[in-house]
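Please look over the structure shown here before reading on. The report is meant for a reader who has not met this chain before.

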Amino acid sequence: MVEERESVVCLYCGQLRPWSRTHIIPRALGGDLTSRTNCQECNWRTGVLDQALAERAITSLSRVARTPKTGFTVALGGDAFFESPEGVVCELRVRNEMSPEVLPQVHARPSTDTGKTELATTAGTSDGLIALLDFVEEAIESDTLRSLHIKSGPAKAGPDPRLVLHRPSVPAGFVRVQNPGDEELLFDALERGWHEVCRAHREQLEEGSLRGVAHERPRVDVTMSLSLDDEYRAVARIAFDYLASRIGSEPLRGDDFAPLRNYILGDVQHPPRNPRPGEVFYDPRFVRRLDTGGLRTDGHCILVCRVGPEVVGIVTLYSRSSFFVRLAKTQTNLDLPMAHEFSLDREGNRQLTIQEIAQLIDEGGLPPL
Ligand SMILES: [Zn+2]
């Protein structure tokens, strides 16, 4: 017999239903603080917001750069696109802000001068380049080059067939081609010319003259689709669920918090002004991104406090993405402020003392309403 879960009056729908665990900071961002204030159905509904925060938000770039790789693995959905409520498909290109690691790789490309195939190497570090030299040399000598795993497509991955190391320090790699069969061009060129490439690179490495020769760090473009509205609602969800985790859902089920609840669940879309083509619409009532200010933290941090009569939250993710959340216009009987800090590796979250909260707020103070 399956043991039935204890029921709770759900923070969002107000119904008595079996609870399901809510991660205050989404698991994909390293959250390890949970609450039992929400029912399963409402958790499912808000789960899509967490997904958007992890995959289709500006914040997710920080996640790529900052999430400890040893802690856990969650794939970033790179090809997702966002269709706004008005049917506008939004895409954004972000240029190399997070300096992703460049994997050591060698491309086969036709020379514009000679028409022959040339080999061009790329690596983020000289150690990575050395690993590439050794790996390909070994693969040619042991005749295992042609048994490497071959990945074909997509078109946006570029036309050059290339051999790529999985990581700069790991002697294992794969071949990327646009169309199956393109790899033969690469294999032939490697067998013919790799020895010479190796000799030249090793000489340059010895002389220290490698810089700018053949492996300049390329500019890396990350293309992703953003869903700002979902990102903002996800942040509102974090602040609201955090408050519920600290004081229980009962004080938060009243009318004061009804607009916020509806906003998070997406029940009421704020009537949009007419967005111009390509313009990203988001509901501006509850959440805004802070350009300056926020909380001093190395990881994630949530503060709920009062500004004037309003109950507000400040949510800082990955120490740099800060948001201001308006939780309720008036709610006088809450014991505020309260704050919590989270590490990025799911190992420890902690409640902050009043003294720590005072130190947490940036010199600029809290943003005005
Ligand atoms: Zn519910």
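What follows is a description of the fold, from the chain as a whole to single residues.

The model is predicted rather than determined by experiment. The chain contains seven helices and 19 strands, and of its 369 residues, 34% count as buried. When contacts between residues at least 6 apart in sequence are considered, 67% of them join residues at least 24 apart.

## Nonpolar cores

The largest nonpolar core has 55 residues, and those with the most contacts inside it are Val-235, Ala-236, Ala-239, Val-325 and Leu-327. Helices H1, H5 and H6 each give two or more residues to this core, as do the strands E15, E16, E17 and E18. The largest share, 11 residues, comes from helix H5. Ala-236 illustrates how this core is joined across the sequence: leaving aside neighbours within four places, Ala-236 is in contact with Leu-260, Tyr-263, Ile-264, Phe-286, Val-287 and Val-325. Apart from this core lies another one, of 19 residues, with Leu-119, Ala-131, Leu-186 and Trp-194 among them.

## Packing of helices

Two packed helices are described by the angle between their axes and the distance between the axes. The table gives these values for three pairs.

| Helix pair | Angle between axes | Distance between axes |
|---|---|---|
| H5 and H6 | about 130 degrees | 9 Å |
| H1 and H5 | roughly 115 degrees | within 8 Å |
| H3 and H4 | about 145 degrees | 10 Å |

Helix H5, which spans residues 228-247, packs against helix H6, residues 258-265, at an angle of about 130 degrees, and that makes H5 oblique to H6. The crossing of these two helices, H5 and H6, is left-handed. On the side of H5, the contact is made by Arg-233, Ala-236, Arg-237 and Phe-240, while H6 contributes Leu-260, Tyr-263 and Ile-264. In this contact of H5 with H6 there are five nonpolar residues, two charged ones and no polar ones.

Helix H5 also meets helix H1, and the crossing of H1 and H5 is again left-handed. From H1 the contact takes in Thr-46, Leu-49, Asp-50, Ala-52 and Leu-53, and from H5 it takes in Asp-230, Glu-231, Arg-233, Ala-234 and Arg-237. By class, the contact of H1 with H5 consists of five charged, four nonpolar and one polar residue. Arg-233 and Arg-237 of H5 thus appear in the contact with H1 and also in the contact with H6.

The third pair consists of helix H3, residues 126-141, and helix H4, residues 183-207, and H3 passes H4 in a left-handed crossing. The residues of H3 that take part are Ser-126, Leu-129, Ile-130, Leu-133, Val-136, Glu-137 and Ile-140, and they meet Leu-190, Glu-191, Trp-194, Cys-198, His-201, Arg-202 and Leu-205 in H4. The contact of H3 with H4 has nine nonpolar, two polar and three charged residues. Trp-194, which belongs to the core of 19 residues, is one of the residues of H4 in this contact.

## Leu-360 in helix H7

Leu-360 lies in helix H7, which covers residues 354-360. Leu-360 is partly exposed, because 19 other C-beta atoms lie within 10 Å, whereas a buried residue would need 20 or more. Not counting residues up to four places away in sequence, Leu-360 touches Leu-295, Arg-296, Cys-301, Leu-303, Ala-339 and Leu-352. Leu-360 and Gly-294 are 66 residues apart in sequence, yet their C-alpha atoms are 8.6 Å apart in space.

## Backbone details in loops

Three loops hold backbone features to look at in turn. The peptide bond from Leu-336 to Pro-337 is cis, with omega near 5 degrees, and Pro-337 lies in the loop between E17 and E18.

Asp-143 is not a glycine, although its phi is positive, at about 60 degrees. This residue, Asp-143, is found in the loop between helix H3 and strand E10, residues 149-152, and Asp-143 counts as exposed because it has 9 C-beta neighbours inside 10 Å.

Ser-319 likewise has a positive phi of about 60 degrees without being a glycine, and its place is in the loop between E16 and E17. With 17 other C-beta atoms within 10 Å, Ser-319 is partly exposed.

Definitions and conventions. Residues numbered from 1 in each chain as written. Predicted model: local features only at pLDDT ≥ 70, side-chain atom pairs only at ≥ 80, totals over all residues. Axes fitted to C-alpha atoms, helices over the stretch in contact; angles between N-to-C directions. Helix = DSSP H or I, 4+ residues; strand = E, 2+ residues; numbered from the N terminus. Parallel < 35°, antiparallel > 145°, perpendicular 65-115°, else oblique. Left-handed = near helix turned anticlockwise from the far one by under 90°. Contact = placed C-beta atoms within 7 Å. Nonpolar A, V, L, I, M, F, W, Y, C, P; charged D, E, K, R; others polar. Core = buried A, V, L, I, M, F, W, Y, C linked by C-beta atoms within 7 Å. Buried ≥ 20, exposed ≤ 12 C-beta atoms within 10 Å, placed from the backbone.
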